[in-house]
Amino acid sequence: MSTRYPFTAVVGMDDLRLALLLNAVSPAVGGVLVRGEKGTAKSTAVRALADLLPEVPVVAGCRFSCDPASPDPGCPDGPHETAPAAARAARMVELPVGASEDRLVGALDIERALAEGVKAFEPGLLADAHRGILYVDEVNLLHDHLIDLLLDAAAMGSSYVEREGVSVRHAARFLLVGTMNPEEGELRPQLLDRFGLTVEVAASREPEQRVEVVRRRLAFDDDPAAFAARWDHEESALRDRITAARALLPQVRLGDGALLRIAATCAAFEVDGMRADIVMARTATALAAWAGRTDVTSDDVRQAALLALPHRRRRNPFDAPGLDEDKLDETLERFADEDEDPDPQGPGPDGQGPDDGPDGGGGGVPPQAGGPEGTGPDERTPASEPERSPEPGTSPAPEPAAEHEPAAQPAPAPGGGAGERGAVRAAEPFRTKMLSVPGLGEGAAGRRSRARTEHGRTTGSVRPQGALTKLHLTATVHAAAPHQKARGRSGPGLVVRRDDLRQATREGREGNLVLFAVDASGSMAARQRMSAVKGAVLSLLLDAYQRRDKVGLVTFRGRDAEVALPPTSSVDAAAARLELLPTGGRTPLSAGLLKAHDVLRVERLRDPSRRPLLVVVTDGRATGGGRDPVALAARAARLHAADGTASVVVDCESGPVRLGLAGDLARALGGTAVTLDELRADAIAGLVRDVQVSRSTRKAA
């Protein structure tokens with residue numbers, strides 16, 4: 001087995017290390033969701049945790065890792081009354097993004113079940129992860145039905161597999177850890193809530209700390225075994241501390257005062273449901289055990305809130321997770337227990353107070369040999385130093401912009417022309433009617449257009465190509481019935497052969513690629529008008545988020561068009577680019593359509609099963625791009641029509657006199673046109689029908 005990077009050698013990442021250790025102490029906390037930019041050692045820290053967990057006693061030969069002290073009475077490999085005990089290292093099982101449902105929950109051999117009446121079950125990753133860690137890298141890219149199965153198992157502590165009336169249940173209790181890059185798309189709020197804790201990670205801006213990260217990584221890559229050996233003492237000490245905290249956990253007292261502060265905090269931040277209160281209580285208890293105390297303090301409650309509440313406060317996908325610490329402190333002070341003697345420092349990243357650990361360091365983590373000048377094996381390093389304020393003459397890291405705050409006006413872009421205006425705020429988003437792609441697709445599961453999917457209503461049956469996943473029982477019986485006499489059937493059972501099996505075909509919904517082509521020219525530059533346009537696009541982005549689409553953004557103004565955002569699953573990234581969009585200059589409509597055509601052409605090669613929907617937001621005017629801009633725009637539109645791209649033109653023309661140019665563009669695209677007012681859900685009842693009728697009319701012509 002390859003050598004893992006030591007957990008205690010991770011530099012910085014205090015919140016991440018603490019959250020992982022708290023879950024190691026008390027798996028009932030509910031796991032950790034780690035959010036952060038790429039290249040921030042999210043996966044490295046998670047994988048390193050497995051080596052710190054104590055050995056697991058198991059029933060020898062049990063594929064489901066039953067505990068000899070209390071074996072699962074319903075274990076498929078049971079009963080285990082007289083089975084010998086054994087011990088093994090805690091497992092860390094990784095769930096790949098592209099895993100199938102059978103790989104996750106296990107597979108039943110339907111052929112043997114029908115022909116022999118035998119429950120032949122092959123355990124999946126949930127069984128492998130029982131009493132260990134289940135790690136999902138890029139959890140936001142998993143298909144929704146896999147996430148639902150995963151989180152249901154995590155909540156119930158067991159996994160159910162059922163295929164056509166044949167079912168198997170087994171225990172599945174594990175520490176669930178997910179990592180994600182928010183730039184690649186968000187998890188739905190209801191799924192975020194199922195993770196106990198969440199932490200945000202980012203690369204350090206301190207040069208000394210970055211140097212130490214590089215130095216340690218290079219040393220590990222040169223000789224992993226030797227590097228890991230240097231940290232054996234620290235790893236062993238941390239492993240012993242986890243064991244001690246687990247033993248102390250049942251003795252920790254969660255008093256009424258601490259419970260009141262937990263309830264008051266959750267109420268003050270208006271979190272939904274009661275899961276936040278329960279997770280905070282378990283986290284505060286684990287914090288006390290980790291610090292070696294038997295009473296929960298106000299500082300434990302505060303730290304628990306910082307870990308358990310930020311991701312539960314999102315109200316829509318464009319809200320950034322976060323917590324107002326001033327409001328948190330005010331709430332805790334209002335419900336403070338006067339008899340409590342709070343620890344002003346609270347637990348450090350490894351749960352120790354200011355005087356705990358070697359040399360008084362919070363984590364007691366020594367540097368690797370050959371660290372920064374002046375450090376040795378027993379001296380502190382940037383990994384255990386508190387974060388420092390910016391030195392004189394240096395600039396602090398920029399704070400994130402306030403949500404929905406109007407952006408500063410950017411410098412005019414080349415070709416923008418005189419009269420360019422800065423970005424304006426988007427109007428309030430509204431609920432839109434569904435836009436769908438006509439026909440039947442085969443793309444990734446979603447909630448927009450009709451498609452053949454793994455889940456949905458059964459529409460027919462086919463012979464299976466490869467492994468059977470969804471049995472069509474009626475069709476299988478019909479195929480086997482005529483051959484029973486020839487096969488010598490003598491009893492009540494049905495003689496079934498492999499050729500008799502039929503795979504169910506199902507119809508559900510798919511996610512699409514929604515590509516926005518937004519006119520940002522001078523004709524759109526009236527502030528009220530552009531605000532309404534941005535509000536409409538923001539509304540469609542919110543709809544795309546809810547329907548699990550990929551989105552892209554093309555803008556055109558001045559003399560050219562640009563891809564403001566390549567196709568991505570991150571609708572909040574698209575919303576951020578939209579917020580910064582300036583206006584002004586001429587209207588190169590043909591350039592915008594051609595740029596959109598190029599984007600869709602590349603995406604068809606990358607993901608041919610994901611069908612596109614082009615949404616053009618414009619007033620239809622064409623005043624740039626050649627001698628006859630209107631004819632050029634019509635020619636570019638016909639390219640999309642020839643490719644069969646479903647399209648909608650959002651007509652932004654306003655005023656008493658309207659030229660109807662957006663309608664002409666929609667006809668050239670073979671799509672439909674809708675005004676901004678008609679885009680609202682209460683005024684757009686016939687839009688989906690119109691899109692489909694326009695497509696059918698074009699085919700007939």
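Ala, Val, Leu, Ile, Met, Phe, Trp, Tyr, Cys and Pro count here as nonpolar, Asp, Glu, Lys and Arg as charged, and the others, Gly among them, as polar. With those classes in hand, we can look at the empty spaces inside this structure. The model is a predicted one.

Start with the cavities. The structure holds two of 30 Å³ or more. The largest cavity encloses about 50 Å³ of space. Its lining is made of Leu513, Lys550, Leu600, Glu603, Arg604, Asp607, Arg610 and Pro612. Sorted by class, these residues give three nonpolar, no polar and five charged. Helix H18, residues 589-606, is the element that gives the most to this lining, with three residues.

The second largest cavity has a volume of about 40 Å³. Around it stand Leu435, Arg448, Val514, Phe516, Leu540, Asp543, Leu613 and Val615. Here the classes come out as six nonpolar, no polar and two charged residues. Three elements, E15, H16 and E18, each supply at least two residues of the lining.

Two of those elements, E15 and E18, lead to a sheet. It is open, and six strands form it in the order E17-E16-E15-E18-E19-E20. The pairing is mixed. In general, strands of a sheet pair through backbone hydrogen bonds, either parallel or antiparallel. Strand E17 (560-568) and strand E20 (672-675) stand at the edges. Each has a single partner strand, so one side of each is left without a neighbour in the sheet. From one strand to the next, the twist averages 20°.

Now look at one pair within the sheet. Strand E15, residues 513-519, and strand E18, residues 612-618, run parallel. Six bridges join E15 to E18. Leu515 stands opposite Leu614 in E18.

Helices pack against this sheet. Helix H20, residues 661-669, touches E18, strand E19 (646-651) and E20. The direction of H20 makes about 180° with that of E19. Helix H17, residues 571-579, lies across strand E16 (550-557) and E17. H17 runs at about 15° to E16.

Next comes an open space. The second largest pocket holds about 1300 Å³. It is lined by 50 residues, and the closest to its centre are His143, His145, Gly443, Ala444 and Ala445. Several elements give two or more residues to this lining: helix H3 (101-105), strand E5 (106-108), helix H6 (144-156), strand E12 (445-453), strand E14 (503-510) and helix H16 (527-546). Among these elements, E14 gives the most, with six residues. By class, the pocket lining divides into 17 nonpolar, 15 polar and 18 charged residues.

Which residues does Arg548 contact, leaving aside its neighbours within four places in sequence? They are Asn140, Asp144, Glu186, Arg188, Gly446, Gly511 and Arg610. Arg548 sits in the loop between H16 and E16. Its relative accessibility is 16%, so Arg548 counts as buried, the cut-off being under 20%. One of its contacts, Arg610, also appears in the lining of the largest cavity.

A few backbone details complete the tour. Most residues other than glycine have a negative phi, and most peptide bonds are trans. Three places in this model depart from that pattern.

One is a peptide bond. The bond from Gly78 to Pro79 is cis, with omega near 0°. Pro79 is found in the loop between strand E2 (56-59) and strand E3 (85-88).

The other two places concern phi. Met13 has a phi near 55°, a positive value in a residue other than glycine. Met13 lies in the segment before helix H1 (14-25). Glu270 is not a glycine either, and its phi is positive at about 55°. Glu270 belongs to the loop between helix H11 (256-268) and helix H12 (275-290).

Is each of these residues buried or exposed? Met13 has 17% relative accessibility, so Met13 counts as buried. Glu270 has a relative accessible area of 58%, so Glu270 is exposed, the cut-off being over 50%.

Notes:
Residues numbered from 1 in each chain as written. Predicted model: local features only at pLDDT ≥ 70, side-chain atom pairs only at ≥ 80, totals over all residues. Heavy atoms only, no water. 1 Å grid on protein atoms, 1.4 Å probe; cavity = no way out; pocket = protein on both sides within 12 Å on 5 of 7 lines; lining within 4 Å. Points joined across faces, edges and corners; volume = space filled by probe spheres on them. Helix = DSSP H or I, 4+ residues; strand = E, 2+ residues; numbered from the N terminus. Pairing = 2+ DSSP bridges. Axes fitted to C-alpha atoms, helices over the stretch in contact; angles between N-to-C directions. Contact = heavy atoms within 4.5 Å. Buried < 20%, exposed > 50% of the residue type's maximum accessible area, 1.4 Å probe, protein only.
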